[in-house]
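Welcome, and please have your viewer ready with a selection box open. We will go from stop to stop, choosing residues and looking at what is there.

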Amino acid sequence: MAKLAVVRWLRLSLLIGLSCLLLGGCSFNSSVNGAGKTLRVATEPAFPPMEFQGQGGELQGFDIDLMKAIANSSNFKVEFQSLPFDGIIPALQAKTVDAAISAITITEERAKTISFSRPYFRAGLAIAVRTNNQDITNFDSLKNKKIAVQIGTTGAGKAKSISGAQIRSFDSAPLALQELLNGNVDAVINDAPVTLYAINTGNLQGIKVVKQLLTEEYYGIATAKDSPNLISINQGLAAVLKDGTYAKIYQKWFKTAPLQLPEKLPFTSVNPVGASALVSSINLILQSIPILLQGALVTLQLTVVSVIFGLISGSLIGILRLSNLKPVRWLARAYVDFFRGTPLLVQIFIIYFGIPAIIQELGSTFTFDRFVAAVIALSLNSAAYIAEIVRAGIQSIEPGQTEASQSLGLDSVQTMRYVIFPQAFRRMIPPLGNEFISLLKDTSLVAIIGFEELFRKGQLIVSENYRTFEIYTAVAVVYLCLTLLSSQAFSKLEIWMNPVKRSRKK
């Protein structure tokens, strides 16, 4: 009996071992062929018809359809991840995504940091102006004009070669085109297919293209340097080009036959040449410091001006929050709730892009200066927080002091001015210091409207050399220095405003 049990156990073990070996072999074969593998593919869905979000929120566009066809041909799956365009290459370098398809032009500079597939689309740059503009007819007529571009694109690089041009960089092409619609710039240099699609679909009324294909460019699918995924992508792309799938997708989005594409470009893969990584990083940071300090000066100007206006209006709103009149209290409360309850970024959009667009729809010409719009948005937002600081500071003063002041013949305004507010202000200094530091960091959000403060200066440098770690580390250090200096200044002010601490120090 025991012998029979041993034989059965051996047979069972052999069967289990053969099954595991068979499954392991199938798994190994599957991994070799890439079957079932999922690639994380980055894209910026704000570039129709190449990539955009449909009405239901799903990703659509030429690039999306092409990537799905490539994945189907090479037997792998795709997981799309939405990223801002200037963050795609850093994400590839950090390998947080496996590939990217987002109308990325193959350039020699980019090929030093990432790898490209064979070209999949032929494009070029176009000049867009308002329909009533008769001055700009070609590239040479852009001299000394205001030009909007998308940060990190070849259009931004082309604009830099224009003599005397004032360049405004935005995070996406729609924002650059909206800047043109609002009349804040004279022209936009952008990829021709995107601009033409927006005009032809009626999404952009009042804009025309005066010059197409300033350059001949080719888009490529990007991966990290020497990524093994590039082989599968190239194989799939070659297959869809050969079997007619590419032509069908091109016809769907552009209503015409596709242009002839080369198999590769001379600089599809370029090896960077230079000094050691450490020396190169230090040199890059040192070269960037003067530009970043220029941005830091703008950041300080924005912060100081916005805090002054925010302190004045916030103090008034904070006092109104304590009013005996209910309607006044409700209005002050509504203001605070709105500006504290909505994101500052949305408020900047509404003030800079939304208000001028609405006024122009009513038939009036109106534009916002970027500095004015930034100060208004930051001041209104800051005032809501300062109002609560002021209210809390006033309420922290003992009610008996108000009664004593009134018994001495002071009215409510005199009591607030000479007795309550001076004492409350000393108690407000620490939270006001925190608000100043928060606002200093929040100024980075005005980069969305093309304002070149500290953070935007860093973005512009990264868009040229793609050295994200070094540049953003330098930006963080500059912000840290500014906040530490601000903190020390408010500590000194707190001691100076407090007679007790001031006498102890002496």
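Start on the surface of this predicted model by selecting Val304, Ile308, Ile312 and Leu316: together they make a nonpolar patch of about 370 Å². Stay on Leu316 for a moment, which belongs to helix α10, residues 277-320. Is Leu316 buried or exposed? Its relative accessibility is 53%, and because the cut-off for exposed is over 50%, Leu316 counts as exposed.

Next, select Arg370, which lies in helix α13, residues 370-395. Arg370 is buried but has no salt bridge. Which side chain of opposite charge is nearest to Arg370? That is Glu179, 5.3 Å away, whereas a salt bridge needs a distance within 4 Å. Now show the contacts of Arg370 beyond four places in sequence: you will find Arg168, Tyr352, Ile449, Gly450 and Phe451.

Follow Glu179 to your next selection, helix α6, residues 173-181. Glu179 is one of the buried residues of α6, along with Ala173, Leu175, Ala176, Leu177, Leu180 and Leu181. The helix is mostly covered, with seven of its nine residues buried. Just past it, click on Gly183, which follows α6 and has a positive phi, near 80 degrees.

For the last stop, bring up strands β2, β3 and β4. They form an open antiparallel sheet in the order β2-β3-β4. β2 (46-47) and β4 (59-60) are at the edges with a single partner strand each, so one side of each has no neighbour in the sheet. Zoom in on β3 (residues 51-53), which is joined to β4 by two bridges; Gln53 has Leu59 of β4 as its bridge partner.

Conventions
Residues numbered from 1 in each chain as written. Predicted model: local features only at pLDDT ≥ 70, side-chain atom pairs only at ≥ 80, totals over all residues. Heavy atoms only, no water. Helix = DSSP H or I, 4+ residues; strand = E, 2+ residues; numbered from the N terminus. Buried < 20%, exposed > 50% of the residue type's maximum accessible area, 1.4 Å probe, protein only. Lys, Arg positive; Asp, Glu negative; His and termini not counted. Contact = heavy atoms within 4.5 Å. Patch = residues over 30% accessible without salt bridge, like charges linked within 9 Å, V, L, I, M, F, W, Y side chains within 5 Å. Areas by Shrake-Rupley, 256 points an atom, 1.4 Å probe, with all protein chains shown as cover. Pairing = 2+ DSSP bridges.
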